[in-house]
Amino acid sequence: MEILGIDIGGCGIKGARVDIDTGVLTTERYRILTPQPATPDAVAATVAKVVMHFKWKGPVGCAFPAVIKDGVAYSAANVDKSWIGANGQKLLSRRTKCPVHMLNDADAAGIAEMAFGAGKGRAGVVMMLTFGTGIGCALFLNGQLVPNTELGHLEIRGKEAERRAADRIRRKKALSWRKWAARVDEYLRKLEALFSPDLFIIGGGVSRKHAKFLPRLKTHAPVEAAQLLNNAGMIGAALAVKTGI
Ligand code: BGC
């Protein structure tokens with residue numbers, strides 16, 4: 001069965017048809033720049049363009065970088081503040097004329113990794129973290145998601161973790177891999193002290209460069225690189241349409 005998966009990010013909005021039984025994209029992905037300011041209306045209009053590009057008429061899964069409960073956004077760390085309280089799911093369904101299911105972007109990426117990537121078949125407590133503009137988190141117990149964990153906002157040295165260790169900060173401050181890895185390591189060890197996960201999965205665009213930083217991490221739990229890279233959000237969003245998370 002195919003579903004259209006869409007991943008809304010701070011820079012780009014991308015979509016592809018996803019075979020939800022195999023987790024494989026069945027089309028090229030299509031990407032449009034995120035409108036600025038990324039207000040609910042502007043984002044909805046862009047998502048509608050992505051849907052039109054695929055001439056899609058069926059259900060759509062949509063990953064969004066905020067706390068999402070029953071389609072409503074409850075936070076807006078790296079998106080326009082007017083999202084707070086907006087029912088993104090209703091808005092997007094209206095604009096695209098398709099039934100849209102919306103969920104947090106890291107949760108979507110985690111769902112995809114658990115089904116088809118680094119978390120496949122892994123029981124116990126698995127913590128997926130995405131390093132990009134912010135730090136996203138998806139927490140699983142025996143494959144079951146605890147939605148909307150926002151552990152990128154955990155405080156480290158008096159600052160939100162994502163303001164010290166997101167990939168955006170590495171680039172902005174031109175941190176060496178060694179320096180950035182030390183920040184990530186401090187963060188993971190704090191999470192380990194609090195949650196004792198059995199596995200960490202590191203996702204986001206930077207996971208492609210895992211050889212540069214994974215060997216420098218010193219947690220007890222194994223740390224693995226995500227396998228679905230930038231497609232995880234789209235794949236997980238499509239899967240979530242079926243599971244309803
Ligand atoms: C947001 C999360 C999101 C993460 C990754 C954080 O700033 O609070 O909801 O999952 O960024 O995009």
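1. Domain 1 and domain 2 bury about 850 Å² between them, and 48% of that area is on carbon and sulfur atoms. Area is a usual way to describe such a contact, because the size of an interface is often given as the accessible area lost when the parts come together. On the side of domain 1, Asn 78, Ala 106 and Asp 107 lose the most area to domain 2, and together they account for 59% of what that side buries. Please keep in mind while reading that this is a predicted model.

2. As for where the two domains lie in the protein chain, domain 1 is made of residues 2-107 + 231-243, while domain 2 covers residues 121-226. Their C-alpha centres are 24 Å apart, and the contact draws 9 residues from domain 1 and 12 residues from domain 2.

3. The next point concerns a pair of helices. Two packed helices are described by the angle between their axes and the distance between the axes. For helix H3 (residues 105-116) and helix H7 (residues 232-243), the axes come within 7 Å and cross at roughly 85°, which means that H3 is roughly perpendicular to H7. Among the residues making this contact are Ala 108, Ile 111 and Phe 116 of H3, together with Ile 235, Gly 236 and Leu 239 of H7. Sorted by character, the residues of the contact of H3 with H7 comprise 11 nonpolar, 2 polar and 1 charged.

4. Turning to the sheet, the model has an open sheet of 5 strands in the order E11-E10-E9-E14-E15, and the pairing is mixed. Strand E11 (144-146) and strand E15 (223-225) stand at the edges with a single partner strand each, so one side of each is left without a neighbour in the sheet. On average, and with direction ignored, neighbouring strands of this sheet are turned by 30° against each other.

5. One pairing in this sheet can be followed in detail: strand E14 (residues 199-203) and E15 pair in the parallel sense over 3 bridges, and Phe 200 stands opposite Val 223 in E15.

6. Helices also pack on this sheet. H3 touches strand E9 (125-131), strand E10 (135-141), E11 and E14, and the direction of H3 makes about 45° with that of E10. Helix H6 (residues 177-195), for its part, lies across E9, E10, E14 and E15, and runs at about 150° to E9.

7. Finally, two places in the backbone deserve a look. Gln 36 and Pro 37 are joined by a cis peptide bond, with omega about -5°, and Pro 37 lies in the loop between strand E4 (30-33) and helix H1 (40-53). Asn 148, although it is not a glycine, has a positive phi of about 65°, and Asn 148 is found in the loop between E11 and strand E12 (155-156).

Notes. Residues numbered from 1 in each chain as written. Predicted model: local features only at pLDDT ≥ 70, side-chain atom pairs only at ≥ 80, totals over all residues. Heavy atoms only, no water. Axes fitted to C-alpha atoms, helices over the stretch in contact; angles between N-to-C directions. Helix = DSSP H or I, 4+ residues; strand = E, 2+ residues; numbered from the N terminus. Parallel < 35°, antiparallel > 145°, perpendicular 65-115°, else oblique. Contact = heavy atoms within 4.5 Å. Nonpolar A, V, L, I, M, F, W, Y, C, P; charged D, E, K, R; others polar. Pairing = 2+ DSSP bridges. Domains from an automatic or database assignment. Buried area = accessible area lost by both parts, 1.4 Å probe.
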